[in-house]
Amino acid sequence: MPPEVYTSRAFLELEKQSIFSREWQCLGRASALAKPGDYLTADINGQPVVVLRTAEGALRAMSNVCLHRMSVLLKGRGNARVIVCPYHAWSYTLEGELRGAPLMSNQPGFCKESYKLPQVRCEVWQGWVYVTLDPDAGPMAERMADLEALIGPYEMGNYVETFYEEHVWDTNWKILAENFMESYHLPALHRATVGPHSKLDEMECPPGHENFNYHWITKEASLPIGNAHPSNKRLQGHWRQTTALLAIYPTHLITLTPGYFWYLSLQPQGVDRVHIRFGGGLAPEFFSDPQAHDYMARLKKLLDDVNAEDRRGVEAVFRGVQAPLARPGQLSPLERPNYDFARYIAQRASAFVGMNAPC
Ligand code: FES
Ligand SMILES: [Fe+2]
């Protein structure tokens, strides 16, 4: 894509209006919110959001902004029986209803019952929590029907998260997303880690779909948890050694192997910074196998090293795209998913420009 797509504040504004205020965005695994009161917070396009497990066991997402003088309510992740505003202690139930407001009963005209935190749409698809600010966005299951048909036998919904972290890198969000979408960079950028084991001729990059792209790596994994567990009867033939690299637009990037998974979910913080949710875990057969947790610890160490290399790579690209003489070249066949992603960005941005164009 042209360098300005990564550096222009005006283009980021267009993305906010056409992508981040409309699309479903992943905030992690539903299993991370197992008990009533478990919550996570996020900033979706400038809107603080809390997702929590209610007393009845439902997942609910709502505005994380107090209805008094608009302080942000909860931070990070945790468990709360009630939501108490840190500013003047107005408190809310897990349903978002105002429960208490100090001294306000003396205030004429104050009606506690008329206050409720605005609700935000939230869906769980394959174990992932997605939220959107768009009341009209189609259901995730419908948007992901083609992907579900491709990866159904993995039964990703049953994979169990074993680690979760958040980071901020100095690059444009799309540079990091594009880095994930291609394995062309593995031999060079990752020459000190996974590069020497990567065979580019084992990668397949089929055309992308409307809401996602993907590529496959078919090979025996060096770590046992990269292949299907002997008791995994869901995956047959070459699928038992196949890793799927999924890019669910706009910002959810998943490495799905027969035995483990890891993911990134991105949120821009300006053109030059990206907030990253980074987690992963094991397929259920490996989760109940104690030795697999040792393998997972080794894998996590390797992922940390690989991510440090990717960070250097994508931060260097961001410095490069700002140069006056920067121009993009042709993509390789292994960057087919990047082409599909560029078309997605162009389509969303231009549809929005078209819709709002002056008559
Ligand atoms: S801003 Fe929340 S109680 Fe005042
Ligand atoms: Fe990489």
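Buried here means under 20% relative accessible area. With that cut-off in hand, welcome to a predicted model of a chain of 359 residues, of which 52% count as buried. The secondary structure comes to 9 helices and 17 strands. The radius of gyration is 22 Å, close to the 21 Å given by the globule rule, so the chain is as compact as a globular protein of that length.

**Overall build**

- Along its principal axes, the C-alpha trace spans about 75 × 55 × 35 Å.
- Take the contacts between residues at least 6 apart in sequence: 65% of them join residues at least 24 apart.

**Surface and charge**

- The chain has an accessible surface of about 16600 Å², and carbon and sulfur atoms account for 54% of that area.
- There are 35 positive and 39 negative charges, and the mean positions of the two sets lie 5 Å apart.

**Helix α5**

- Helix α5 covers residues 173–181, and 9 of its 9 residues are buried, so the helix is largely enclosed by the rest of the structure.
- The buried residues of α5 include the charged-type names Lys174 and Glu178, and alongside them are Trp173, Ile175, Leu176, Ala177, Asn179, Phe180 and Met181.

**Nonpolar cores**

- The largest nonpolar core holds 47 residues, and those touching the most other members are Leu176, Ile225, Trp262, Leu264, Leu266, Ile276 and Phe341.
- Helix α8 (residues 290–321) supplies the largest share of this core, with 8 residues.
- A second, separate core has 25 residues, among them Trp24, Phe212, Ile248 and Ala283.
- Leu176 links two of these topics: it is one of the buried residues of α5 and also belongs to the largest core.

**Ile225 up close**

- Leaving aside residues up to four places away in sequence, Ile225 touches Thr257, Gly259, Tyr260, Leu282, Phe286, Ala292, Tyr295, Met296 and Leu299.

**Ser63 and its surroundings**

- Ser63 sits in strand β4, which runs over residues 59–63.
- The relative accessible area of Ser63 is 8%, so this residue is buried.
- Again leaving aside residues up to four places away in sequence, Ser63 touches Gln47, Pro48, Val50, Leu117, Pro118 and Val120.
- Ala42 is 21 residues from Ser63 in sequence, and their C-alpha atoms are 9.9 Å apart in space.

Methods
Residues are numbered from 1 along each chain as its sequence is written. Chains are lettered from A and ligands numbered from 1 in the order in which they are written. This is a predicted model: local features need pLDDT of at least 70, side-chain atom pairs count only at pLDDT 80 or more; totals for chains, interfaces and linings use all residues. Side-chain values use heavy atoms; hydrogens and water are left out. Helices (H or I, at least four residues) and strands (E, at least two) are DSSP runs, numbered from the N terminus. The radius of gyration is taken over C-alpha atoms; the globule rule is 2.2 Å times the number of residues to the power 0.38. Buried means under 20% relative accessible area, exposed over 50%, partly exposed in between (1.4 Å probe, protein chains only). Contact means heavy atoms within 4.5 Å. Accessible areas come from the Shrake-Rupley method with a 1.4 Å probe; for residues, only the protein chains shown count as cover. The place of a charge is taken as NZ of Lys, CZ of Arg, CG of Asp or CD of Glu. A nonpolar core is a set of buried Ala, Val, Leu, Ile, Met, Phe, Trp, Tyr and Cys residues joined through side-chain atoms within 4.5 Å.
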